[in-house]
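Here is a walk through a two-chain model, from each chain on its own to the place where they touch. Have the structure open while you read.

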Amino acid sequence: MKNTRRVYLYPRFERFWHWTQAFLILFLALTGFEIHGSYGIFGFENAVHLHNNAALILIVLIIFTIFWHLTTGEWRQYMPTTKNLKAQLEYYLTGIFRNAPHPTRKTSLSKLNPMQRLVYLGLKILFIPIMVFSGLVYMFYRYPINGEIKSLGINDLTPIAYIHTLGAYILLAFVLVHVYLITTGHTLSSNLMAMITGWEDLEEEEADMLTGEQPEQNKKDKKP
Amino acid sequence: MKNIATFFLSVILPLLIITVVLRDASRENKKLEELRAEFSIKHIPSVDHSKHPDLQRDFDNPHEITATCISCHTERADEVLANAHWNWEREAYIEGRGVTYLGKKNLINNFCTGILSNEATCNRCHIGYGWTDNTFDHANPYNVDCLICHDNSGLYDKARGGAGYPPPGLDFQTIVQQVGLPQKDNCGYCHFYGGGGNNVKHGDLENALLTASRDVDVHMSADGANLNCQDCHQTTNHQMLGRYYGVSSDNTQRATCEDCHGTFPHIDHKLNEHTIKVGCQTCHIPVYAKVNPTKMHWDWSTATDRIDGEPYEIIDTLGNLLYTSIKGDFHWVQNAVPDYIWFNGTADHHLISDILEPNDTILYINTLFGEANDPLSRIYPVKIHTGRQPYDTENRTIIQAKLWDAQPGEGALWIDLDWDEALQAGMDYVGLPFSGSYDFIESKMFLMVNHMVSPADQALQCEDCHSRTGGRLAGIEGVYIPAQTTYAGIDYFGMLMLFLAFTGICIHAIIRYLSWRKN
């Protein structure tokens, strides 16, 4: 067993954002599929109100998070790269069974492996905007204003509902795989604990690579 | 633990608070309060007709009474002469037909079929005296029957088979001294009994409305708003708002819920948004015929049957007439659940001169227009009355039968029980050809359900329509109804994707576990 060192990987806001978003997405799925008619838990009327309110809260959270990403520069974490992408895929498909080392090292400047970068970027710039947009149209294609009901001119909700439902299935599949991949960290629970406490036990050599406090190392990293 | 507490405080608590605040149903609907205040002020008559010198006498014939009314209300007769209640026809534009003049005067219905050749009995419900046949003078103001609408004594009546005349022996002096604005039972004298008996035709208009509780009708019941018919069917110069699409065709002069309640009646905006596509009646009249059953089917083809040469009747244990030799078979339904259709306020009617297409198996007595893509269309509840009516198999037209006469031997079905004679006599009267060969065809008529509005807490709930199976609007096409509408492709694809993801995870986890044990 190599020596490990505790590293502060996820700051307070990031963890707050992550868990709030996780809860909201699961809650939106729970209420959303009731609105879809898949089952009955809250009752249709309650499900609609809960879904719409949770959606608005999520949108507020997303706005704050965009601000956070921009001001902290954390958006760079999601810049896609093909470097090690194949290696990461091979790790999940074969290496993990041979107890091979993770092909990418986790640092506070590069928390995400190339697959995560690609998938999370897709989530951020494609799927969540699609869900938010289709959801807002669904919510406001008819809206009350000045004592009357106005319409966005959309006569048929079918394509909107179609996209929103399909997106919900894709997001659910993502969550399923995401939750499983949490267990593929240093130990079964290390990723989970990191996202809860902010601190992760990284192997010594990885910890050495930590660059947040070591600008020189950072420069070195960037030069091939 | 601190994080979990923060999470609950920052996420779940606000969510709960927002939800509870938005769902607060105790907030008052101010508009409704204003309406209650407005309509609790009842009309006080400005005239006591019992003090009027011209009315301190008895009258020999009803035309004299009308003349006396007109002597003071000098212009009112002219107003009545322009009313559809008087003319039994209206000018209307119908797509594909142009300008038409249709009404009870010349249209076929799905009950007693039509007035032509039967005027003396049908026109008991005409607001006039003496419409016995098509020679009736619609221009003569002295033919107007003022009393059928304005009698407040409850003593006035019209004779069976009397073409609108009262029966002999009425105490006119008492009656004329108690005239006033029409009350519910004035309108109900005809409108409750359409089709030949109480609640037969409409299903939502019947004499129980005079005594019913608020559960039956929030507007008309004494313990509800206790409204008169004219409070909604607002009347100016004897022209009433309101359309009955068994005879009407165009989207004008309608009496609507929005006239009083506006287009923004709910506290919950999600419900208000429904008003764009869903008529108020759809949710607020969950069932009709709440007190007495209404007739849903009338099969004329079984009429004229006899037992031992005698006509007979079959009555069920509840007192409903199931069969009578003069009319055929009936089906009755109480607490009927409406059907639902798109409707934009315009309608067409099957005219007696219309030719059935060779492959027509159903004769639509009327057609209510509307579809999902039409911005004027909304979903409304209807009573669909089905029947079987005689039609000419060679000319392929519907046939007007002669049903009634004062005496036997004139071809009246209800007296002579002979279809051939009745059909011939009816078509002779109308002046249209009859080949002599006939059969019965399935017929359908659509009647809007507008009355018997339930208290708000008995309105349909979300799940009544927003439900995967058995929703009220299961037959409505062209609109996405959340929870009801599904696209099998999406759900199969989605479930398959989730299944594959889950299976992949399981296989991956098993291999990881096995290789971990090996190492």
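## Chain B on its own

Of the 519 residues in chain B, 35% count as buried, meaning that 20 or more other C-beta atoms lie within 10 Å of the residue's own (12 or fewer is exposed, in between is partly exposed, and C-beta atoms are placed from the backbone). This is a predicted model, so local features need pLDDT of at least 70 and side-chain atom pairs count only at pLDDT 80 or more, while totals for chains, interfaces and linings use all residues. Residues are numbered from 1 along each chain as its sequence is written, and chains are lettered from A and ligands numbered from 1 in the order in which they are written.

Chain B has 17 helices and 14 strands, taken as DSSP runs numbered from the N terminus (helices are H or I with at least four residues, strands are E with at least two). Its C-alpha atoms fill a box of roughly 115 × 60 × 50 Å along the principal axes. An automatic or database domain assignment splits chain B into domain 1 (47-88 + 126-180), domain 2 (91-108 + 184-465) and domain 3 (489-519). The C-alpha centres of domain 1 and domain 3 of chain B sit 85 Å apart.

## Two positive phi values

Most residues other than glycine have a negative phi. Thr113(B) goes the other way, with a positive phi of about 75 degrees. You'll find Thr113(B) in the loop between strand 2 (98-102) and helix 6 (119-122) of chain B, and it is buried, with 26 other C-beta atoms within 10 Å.

Gln253(B) also has a positive phi, near 55 degrees. Gln253(B) is in the loop between strand 4 (239-240) and helix 11 (258-261) of chain B, and with 14 C-beta neighbours inside 10 Å it counts as partly exposed.

## Chain A and its confidence

Chain A has eight helices and four strands, running β-α-α-α-α-β-β-α-α-β-α-α from the N terminus. Of its 224 residues, 22% are buried.

The mean pLDDT (the predictor's confidence in each residue, from 0 to 100) of chain A is 84, and 89% of its residues reach 70 or more. Within chain A, helix 1 scores highest with a mean of 96, and helix 8 (residues 215-222) lowest with 39. Over residues 206-224 of chain A the pLDDT is below 50, and this stretch has 19 contacts in the model beyond near neighbours in sequence. Two residues are in contact here if their C-beta atoms, placed from the backbone, lie within 7 Å.

## Where the chains meet

The contact takes 38 residues from chain A and 40 residues from chain B. On the chain A side, helix 5 gives the most, with eleven residues. That side divides into 23 nonpolar, eleven polar and four charged residues, where Ala, Val, Leu, Ile, Met, Phe, Trp, Tyr, Cys and Pro count as nonpolar, Asp, Glu, Lys and Arg as charged, and the others, Gly among them, as polar.

How do helix 5 of chain A and helix 17 (residues 488-518) of chain B cross, and at what angle? Their axes come within 10 Å and cross at roughly 5 degrees; axes are lines fitted to C-alpha atoms, for helices over the stretch in contact, with angles from 0 to 180 degrees between N-to-C directions. The two helices are therefore roughly parallel to each other (under 35 degrees; over 145 is roughly antiparallel, 65 to 115 roughly perpendicular, the rest oblique). Residues meeting there include Tyr162(A) and Leu166(A) from helix 5 of chain A, and Met497(B) and Phe502(B) from helix 17 of chain B. By class, this helix contact has 14 nonpolar, two polar and no charged residues.
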